[in-house]
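Here's a walk through a protein model, starting with the overall fold and working inwards. Have the structure open as you read.

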Amino acid sequence: MAEETITFTLPDLGEGLVEATVLEWEVEAGDDIARNDPLVEVETTKSAVIIPSPHDGRVVELHAGPDEVVRVGAPLVTFAVAAAEGPRAGIVGTVPEEESRPRRRVRLTPPSE
Amino acid sequence: MPANLTDGVVMRYADLRPGSPADAVPVLLLHGFGTNFEMNWKTAGWPQELESRGLRAIGPDLRGHGGSDKPTHGDAYLPERFSQDLVGLLDELGADRVDVVGYSMGSRLGWDLALRAPERVRRLVLGGFGPTDAFAGTDLNSLGEGGTPFDEVFRTVSALPGNDAAALAACARGQAARPFRPDPAPEGIPFLLVAGARDTLAVGAEQLARDRGGSHVEVPGRDHVNAVSSRTFRQAVVDFLVRR
């Protein structure tokens, strides 16, 4: 199957943060990865987070090593993915969509005994 | 247990059921002081980790935190109040027995839950936690104004979006009113202490594990903030939970 490469850049992590430090990669170049699998652990001034993979594919290149600072928008990792049918609008990485999850509220009542 | 819970506190929580569930008990994730389920666990990769092992995750925002109600009197935040909330939540979800994974204050509360409702807890993980007094030297009536480590924590978390400084101050006072005691330990409940090697709030964790018959894992190079998302931490916890 035809492949194309996609470079994923460090997404906007919110709260005005402009950069993050790579703590640990969860993958190496050459690894296959599924969308939403853990990709890389980065630390900002606020917290440490796991960035999940935005794509199904194969990891081609990691653009920053542990303890390196990456600016938001700078290349983080390049994937090889199955080429989409027909023309594509672009090949830049995108921020993964927020997955939906059940969030409920429950009113807890005092125990009766 | 005194049944004097008079405030009907509304709790927000996530109940994440895996697509292909394993034959295993659910995991109750208890976040730390001044954070919430999303910050402490979700962005740190825990739902994916547990999902990949077929484990159901139950993640409340503890009272005073996140999307849950935030009373402002200290009595509302005694550890036993949290335990009542958690037992109520497990009842609501029909979860007879869970594995509890806490971080920082969540570990302190997990210990309390295991003592008060041992029939509801199979295994217990205390992350980012040690038997030290987190409030040592701190003036509980002017939190955030002094120079102690807890003052610093308080300043940081009370500035986070969505947090209520008055509720967090009340929470700190409620927690401080019941200092952690390593004795008695929850009977018959295996427990694991896991923390970053540079986590100053987890000083004494190894000794506590040794004294009370628990396990201990140290995450090299990590501190209180960045241990919880590390692969070493996640694997140590999941291995402890899934072992036969």
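We'll start with the whole chain, then look at the core and one helix.

This is a predicted model, so to speak of local features takes pLDDT of at least 70 and side-chain atom pairs count only at pLDDT 80 or more, while totals for chains, interfaces and linings use all residues. Residues are numbered from 1 along each chain as its sequence is written, and chains are lettered from A and ligands numbered from 1 in the order written.

Chain B has 8 helices and 7 strands (DSSP runs numbered from the N terminus: H or I of at least four residues for helices, E of at least two for strands). The C-alpha trace spans about 50 × 40 × 35 Å along its principal axes. Of the 244 residues in chain B, 50% are buried, meaning 20 or more other C-beta atoms, placed from the backbone, lie within 10 Å of a residue's own.

Now for the inside. The largest nonpolar core (buried Ala, Val, Leu, Ile, Met, Phe, Trp, Tyr and Cys residues joined through C-beta atoms within 7 Å) has 83 residues, and B:Val27, B:Leu29, B:Val100 and B:Val194 touch the most other members. Helix H6 (residues 165-176) of chain B gives the most to this core, with 6 residues.

H6(B) has 12 residues and reaches 16 Å from first C-alpha to last, close to the 16 Å expected at 1.5 Å a residue (1.5 Å times one less than the number of residues). Its buried residues include B:Leu168, B:Cys171 and B:Gln175.

Definitions and conventions
A residue is buried if 20 or more other C-beta atoms lie within 10 Å of its own, exposed if 12 or fewer, and partly exposed in between; C-beta atoms are placed from the backbone.
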